[in-house]
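Work through the exercises below with the sequence and the model at hand. Each task is followed by a solution that goes step by step.

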Amino acid sequence: MKNAFLAFERWSTFSAMLGACAMLALAAALGMFQIVMRFVLEQPAEWTEVLIRFSLIWMVFLAIPAALRQGAMVRVDLLHRWSPPKVQRLLDAVVALATLALIGVIIWWGWDYALRGSMQSMAGLESVSMFWAYLALPVGGLFAVVGIIGHFIDPRRMELESAT
C-alpha cells in the first residue's frame with residue numbers, strides 16, 4: 001500500500017511540476033509576444049498581461065507540491081535535529097497535520113472563490129470566466145495534499161544531513 005501510494009505521489013508531483021513548467025513557458029512566451037507587439041509593432045495586446053498573471057498563479061500553485069514533497073519549504077530545523085527519533089516523528093506528524101489544515105483551508109476557500117468567480121469575466125478576456133484563474137487554488141491544493149502525505153510517509157531531508 002505504501003509503495004503504491006508513493007508511486008502515485010511521484011506521478012502526481014511529476015504531473016503538477018510538468019504543468020508548472022508549462023505555465024512558466026507560457027508566461028515567458030506571452031511576455032515576449034507582448035514586447036514584440038508593444039514596442040516593435042506598436043500594437044499592444046492587452047490580453048497578454050492577464051494571461052501572464054494567471055499563468056504565473058497556476059505555476060506557483062502547481063509547483064508547491066514538489067517543494068512540499070522535497071521538504072524545501074521554510075522551517076526551523078534546530079528542534080528536529082536535537083530531538084530523539086521518536087520525537088522527530090511526532091514533530092513530523094504535527095507539521096504534516098498543520099500543513100494539511102492550511103492546505104484544506106486553501107482548497108475550501110479556493111473552490112468557493114472559483115465558484116463565485118464563475119460569474120465574472122477576466123479583464124481583457126471578456127469571454128473567459130474567472131473560474132479558471134481561481135481554480136488554481138483547489139487544484140494546486142489537491143496536488144499538495146498528496147505531496148504532504150508522501151513526504152510524511154517517506155521524508156526527504158538531504159539538507160539536514162549536509163548542514164553543519
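**Exercise 1.** Decide whether Ser 12 is buried or exposed in this predicted model, and find which residues Ser 12 touches beyond its sequence neighbours.

*Solution.* Begin with the relative accessible area of Ser 12, which is 2%. Buried means a value under 20%, so Ser 12 counts as buried. Next, place the residue: Ser 12 belongs to helix α1, which covers residues 2-40. Finally, leave out residues up to four places away in sequence, and the contacts of Ser 12 are Phe 143 and Val 146.

**Exercise 2.** Describe the surroundings of Gln 34, and state what separates its C-alpha atom from that of Thr 48.

*Solution.* Gln 34 also has its place in helix α1, and with a relative accessible area of 13% Gln 34 is buried. Setting aside residues up to four places away in sequence, Gln 34 touches Ala 45, Thr 48, Glu 49 and Ile 52. For one of these, Thr 48, the C-alpha separation from Gln 34 is 6.4 Å, although the two residues stand 14 residues apart along the chain.

**Exercise 3.** Characterise Glu 42 by its location, its exposure and its phi angle.

*Solution.* Glu 42 is located in the loop between α1 and α2. Its relative accessible area is 62%, and Glu 42 is therefore exposed, the cut-off being over 50%. The phi angle of Glu 42 is near 55°, a positive value in a residue that is not glycine.

**Exercise 4.** Compare how helix α6 packs with α4 and with α2, taking the angle, the axis separation and the make-up of each contact in turn.

*Solution.* Take α4 (residues 85-117) and α6 (residues 136-153) to begin with: they pack at an angle of about 170°, and their axes are 8 Å apart. Since angles over 145 degrees count as roughly antiparallel, α4 is roughly antiparallel to α6. On the α4 side the contact includes Ala 93, Ala 96, Leu 100, Ile 103 and Ile 107, and on the α6 side Leu 142, Val 145, Ile 148 and Phe 152 are among the residues involved. By class, the residues of this contact are 15 nonpolar, three polar and two charged.

Now turn to α2 and α6, which pack at an angle of about 10° with axes 7 Å apart. These two helices are therefore roughly parallel to each other. Trp 58, Phe 61, Leu 62 and Arg 69 are among the α2 residues that meet α6, where the partners include Phe 143, Ala 144, Gly 147 and His 151. This contact of α2 with α6 divides into 13 nonpolar residues, five polar and one charged.

**Exercise 5.** Of the five salt bridges in the whole structure, trace those that involve Arg 69 or Arg 116 and are described here, and work out which residues form a network.

*Solution.* Start with Arg 69, whose side chain meets that of Glu 9 in a salt bridge at 3.0 Å, N to O. This pair links distant parts of the chain, Arg 69 being in helix α2 (residues 47-70) and Glu 9 in helix α1, 60 residues apart. Arg 69 is buried at a relative accessible area of 2%, and Glu 9 likewise counts as buried at 2%.

Arg 69 also forms a salt bridge with Asp 154, at 3.3 Å, N to O. Because Asp 154 lies in the loop between α6 and α7 while Arg 69 is in helix α2, this pair ties together parts 85 residues apart in sequence. Asp 154 is partly exposed, with a relative accessible area of 33%.

The bridge between Arg 116 and Asp 112, at 2.9 Å, N to O, lies within a single helix: both residues are in α4, four residues apart, about one turn of the helix. Arg 116 counts as exposed at 58% relative accessibility. Shared partners join Glu 9, Arg 69 and Asp 154 into one network of salt bridges.

**Exercise 6.** Identify the residues of the largest nonpolar core and the element that gives the most to it.

*Solution.* The largest nonpolar core has nine residues, namely Ala 16, Ala 20, Trp 58, Phe 61, Leu 62, Ala 114, Phe 131, Leu 135 and Ala 136. The elements giving two or more residues to this core are α1 and α2, and α2 gives the most, with three residues. One core member, Phe 131, touches Trp 111, Ala 114, Leu 115, Gly 117 and Ser 118, not counting residues up to four places away in sequence.

Conventions
Residues are numbered from 1 along each chain as its sequence is written. This is a predicted model: local features need pLDDT of at least 70, side-chain atom pairs count only at pLDDT 80 or more; totals for chains, interfaces and linings use all residues. Side-chain values use heavy atoms; hydrogens and water are left out. Buried means under 20% relative accessible area, exposed over 50%, partly exposed in between (1.4 Å probe, protein chains only). Contact means heavy atoms within 4.5 Å. Axes are lines fitted to C-alpha atoms, for helices over the stretch in contact, and angles run from 0 to 180 degrees between N-to-C directions. Angles under 35 degrees count as roughly parallel, over 145 as roughly antiparallel, 65 to 115 as roughly perpendicular and the rest as oblique. Ala, Val, Leu, Ile, Met, Phe, Trp, Tyr, Cys and Pro count as nonpolar, Asp, Glu, Lys and Arg as charged, and the others, Gly among them, as polar. A salt bridge is a side-chain nitrogen of Lys or Arg within 4 Å of a carboxyl oxygen of Asp or Glu. A nonpolar core is a set of buried Ala, Val, Leu, Ile, Met, Phe, Trp, Tyr and Cys residues joined through side-chain atoms within 4.5 Å.
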